[in-house]
Amino acid sequence: MNNNFLLLIPEIMVVGCAFVVLTLDLFLPERRKWTLPFVAVAGLAAALVVSLVYLWGVNDTLYGGVVRIDGYALFFKAFFIALGGVVILVSVDFVKRNLDHPGEYYGILLFTVAAMMLMAASGELLTAYIALELLSFGLYALVAWDRYNAKSNESATKYILLGAFSSALLLYGMSQIYGLLGTTRFDEIAVTLSSADTLSPGLILGIALIIAGLGFKVAAVPFHMWAPDAYEGAPIPVTAHLAVGSKAAAFALMLRLFSEAFLPIAAQWQTLLIALAVITMLLGNLVALAQRNMKRLLAYSSVGQVGYLLMGIAALASTDMGMDMGVGIGGIGSAGASTGASPELAYLASNGIMLHLVGYAVTNMAAFLCLVSVYNITGSEDIAGMAGVARRAPLVGMVFAASLFSLAGLPVFVGFTSKFYLFNAAAAQGLLWVAGVAIFASLISLYYYLMVVRRLYIEPAPSGENAAAATIPAPRLTLGLLGALFAGMIALGIYPAPLMQAVHHASSALLR
C-alpha cells in the first residue's frame, strides 16, 4: 500500500496557502490587506507549477485506491487551481468595496479549491463524500457572507437546509452500496456489479439516492430549487464560484463514479439520467425567460448547462451498442451482458464533458466579471440596470455580449465548439433525439441572452442616475482579466486543439 504523502503536495500547498492568508490577515494593517488576494494567487500559481512538474505522468494510488493520482486527477487539479485564481482576481475590487474580513474570505475560497481537487482524485465513496462536504461547508459560509443582508441570510438558510438534505440522501445511498456490495472503492464496485446476475432493490435504491444527492449538488431539475435564491443572495463572485467551480467539481466526481464504478449497469441508470437531462435542459432555459434579475437569469442558465452535461454522462454508454458489442471499459463487461460501450465513443463523451466544463468556466467567469464591474459602480444587478452599459463601458459591454453569445453556443466562441462536441458525442451514442432537445433548448436560451444584449447596446441608461454612474470605470486588473477571458473564449472556440490534447490525456487515464 503506497502512502507517499508527496503525491498530495498540490492539495497540501493550497491548504497551506489558505492558512498563510488567514495568518497575514491577523497581523497586516488595514492599508496593507490589499496584498492578500495576490498572496493567494501566488500560492495557487506555485501549486499549479508543482502539480504539473511533480505529478506529470504519475499513475498511482494512496491507501490502496482511496485517492487516485493519475492524468484525470491532474487535469482537474490544474483546472480548479486556475479557476480559483480567476475567482480571487474577480473578487478583488468587489471585496474592497463591499465585504469585510478579506483574509477570511480568500482563505475559505482556497479551502474550497482544495476540496474540489480532492473530489476529482477520489477513488472511493466516503473520500468523495468528505471532499464534497468540505466544499459545501465553505460554500455555505461564502453564500452567507453578507450577514446583515436579509436576502443573503434567506438564501444561505435555504442552501444549508437543502444541502444537508442532499448530503443525507448521498450518505444513505452510499450505505446501501456498502451494505450490499461490501466495498466503497469504485474499481471494486465495478467488478462486483459486472459479475452480478441481477440487482437487488436495495442496490437500485442506493444508486438512485446517490444520483438524487448529486442532482442536488449540481442543481439538476427537480433538485434545483435552492439555486436561484442562493445565486441571488450571495455576493457576485461567490455566485460565480457556485455556478462554475462547485458544478465542475461535482461533474468531475460524477464522471469518475459513473465511468469507473457504475458503467457495468449502465442500463439501470442511463434512462434516469436521460430523463433528468431533458427536463433540466428545458425547464432551466424556459424559466430563465421570465427572470428580471441578472444573477437569477444566470442561475437558470446554469441549470440548463447542467442538463447538457448530464446528457454527456448518459452518453458514456449505450444500451443498444452493448447488446451488439458487449464491450466494457477497462475489460469490465455489463451486468447480464446487456449494456456496454464502444471505447472510442466513451472517449468522445468524456472528452465532450471536460471540454464543455472548461469552455463554460471561461465563459461564465467573463459574464460574472462584467456583472461585478457594473454592480461596483451602479449597485444594480437587475437586467434593466444593464441598459446602456456598452456606451458607458465599451470593453465591459463587448465582453458581456460575447460571453452571452458563447453561453448560447454561437460560432467562433468556445461555447459553440464545446456544445458541438458534446452534442455530437450524445448523437453518436444513439441519443440523437436527446441531442435534438439540447439544440432546441439552446435556441430558447438565445432569446433571453439576446434580450440582455439588447439592453447593453440599444436601450438607453435608466434615467435619474447620478453623475458618478454615467460611466463605468474599471481597474486595470479588471480590464486585463476581461481581455484575457475574452481572448480565451475566442482562441478556444477557433483552435481548441491544445486543450483537446490535455482533455484526451485525462480521458485516457480515466477510461484506460
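A salt bridge, as I use the term today, is a side-chain nitrogen of Lys or Arg within 4 Å of a carboxyl oxygen of Asp or Glu. Please keep that cut-off in mind, and note also that the model before you is a predicted one.

Let me begin with one pair. Lysine 158 and glutamate 154 form a salt bridge, with 3.0 Å between the closest N and O atoms; that value is within the 4 Å limit. Both residues belong to helix α6, which covers residues 150-181, and they stand 4 residues apart, about one turn of the helix. Are these two partners buried or exposed? Lysine 158 counts as partly exposed because its relative accessibility is 31%, and glutamate 154, at 44%, is likewise partly exposed.

My second pair is arginine 296 with aspartate 229, whose side chains meet in a salt bridge at 2.9 Å, N to O. Here the partners come from two helices: arginine 296 from α12 (residues 294-314) and aspartate 229 from α9 (residues 227-233), so the bridge ties together parts that are 67 residues apart in sequence. Arginine 296 counts as buried, since its relative accessibility is 18% and the limit for that class is under 20%.

The third pair is glutamate 260 and arginine 256, which meet at 3.1 Å, N to O. Like the first pair, these residues share a helix, namely α10 (residues 236-260), and their spacing is again 4 residues, about one turn. Glutamate 260 is buried at 11% relative accessible area, and arginine 256 is buried at 0%. Beyond single pairs, bridges with shared partners join Lys151, Glu154, Lys158, Asp229, Glu232 and Arg296 into one network. In total, the structure holds 18 salt bridges.

I turn now to the nonpolar interior. Which residues have the most contacts inside the largest nonpolar core? They are Phe76, Phe80, Phe258, Phe262 and Met294, in a core of 183 residues. The element that gives the most to this core is helix α14 (residues 343-378), with 22 residues. Methionine 294 merits a closer look. Apart from neighbours within four places in sequence, methionine 294 is in contact with Leu371, Glu381, Asp382, Ile383, Met386, Phe400, Leu404 and Val452. There is also a second, separate core of 9 residues, among them Leu62, Ile69, Ala73 and Ala121. As general background, nonpolar side chains in soluble globular proteins tend to be buried together.

Next, the overall architecture. The secondary structure comes to 20 helices and 2 strands. Along the principal axes, the C-alpha atoms fill a box of roughly 75 × 50 × 40 Å. The radius of gyration is 22 Å, which agrees with the value near 24 Å for a compact globule of 512 residues. Buried residues make up 61% of those 512. Of the contacts with a separation of 6 or more, 81% are between residues 24 or more positions apart.

On the outside, the accessible surface is about 18,400 Å², and carbon and sulfur atoms hold 68% of that area. One nonpolar surface patch is formed by Leu286, Leu289, Tyr447 and Met451, which together have about 370 Å² of accessible area. Tyrosine 447, a member of this patch, lies in helix α18 (residues 432-457).

Finally, some details of the loops. Most residues other than glycine have a negative phi, and most peptide bonds are trans. Where does a cis peptide bond occur in this model? It joins valine 221 and proline 222, with omega about 5°. Proline 222 is found in the loop between α8 (201-218) and α9. The loop between α8 and α9 also contains alanine 219, which has a positive phi of about 65° although it is not a glycine. Alanine 219 is buried, with a relative accessible area of 0%.

Valine 412 also has a positive phi, near 85°, and is placed in the loop between α16 (394-408) and α17 (414-428). At 44% relative accessibility, valine 412 counts as partly exposed.

I close with proline 496, in the loop between α19 (476-494) and α20 (497-511). This proline is buried, at 18% relative accessibility. Its C-alpha atom is separated by 9.9 Å from that of glycine 359, although the two residues are 137 residues apart along the chain. Leaving aside neighbours within four places in sequence, proline 496 is in contact with Thr417 and Ala491.

How values were computed
Residues numbered from 1 in each chain as written. Predicted model: local features only at pLDDT ≥ 70, side-chain atom pairs only at ≥ 80, totals over all residues. Heavy atoms only, no water. Buried < 20%, exposed > 50% of the residue type's maximum accessible area, 1.4 Å probe, protein only. Core = buried A, V, L, I, M, F, W, Y, C linked by side-chain atoms within 4.5 Å. Contact = heavy atoms within 4.5 Å. Rg over C-alpha atoms; globule rule 2.2 N^0.38 Å. Areas by Shrake-Rupley, 256 points an atom, 1.4 Å probe, with all protein chains shown as cover. Patch = residues over 30% accessible without salt bridge, like charges linked within 9 Å, V, L, I, M, F, W, Y side chains within 5 Å.
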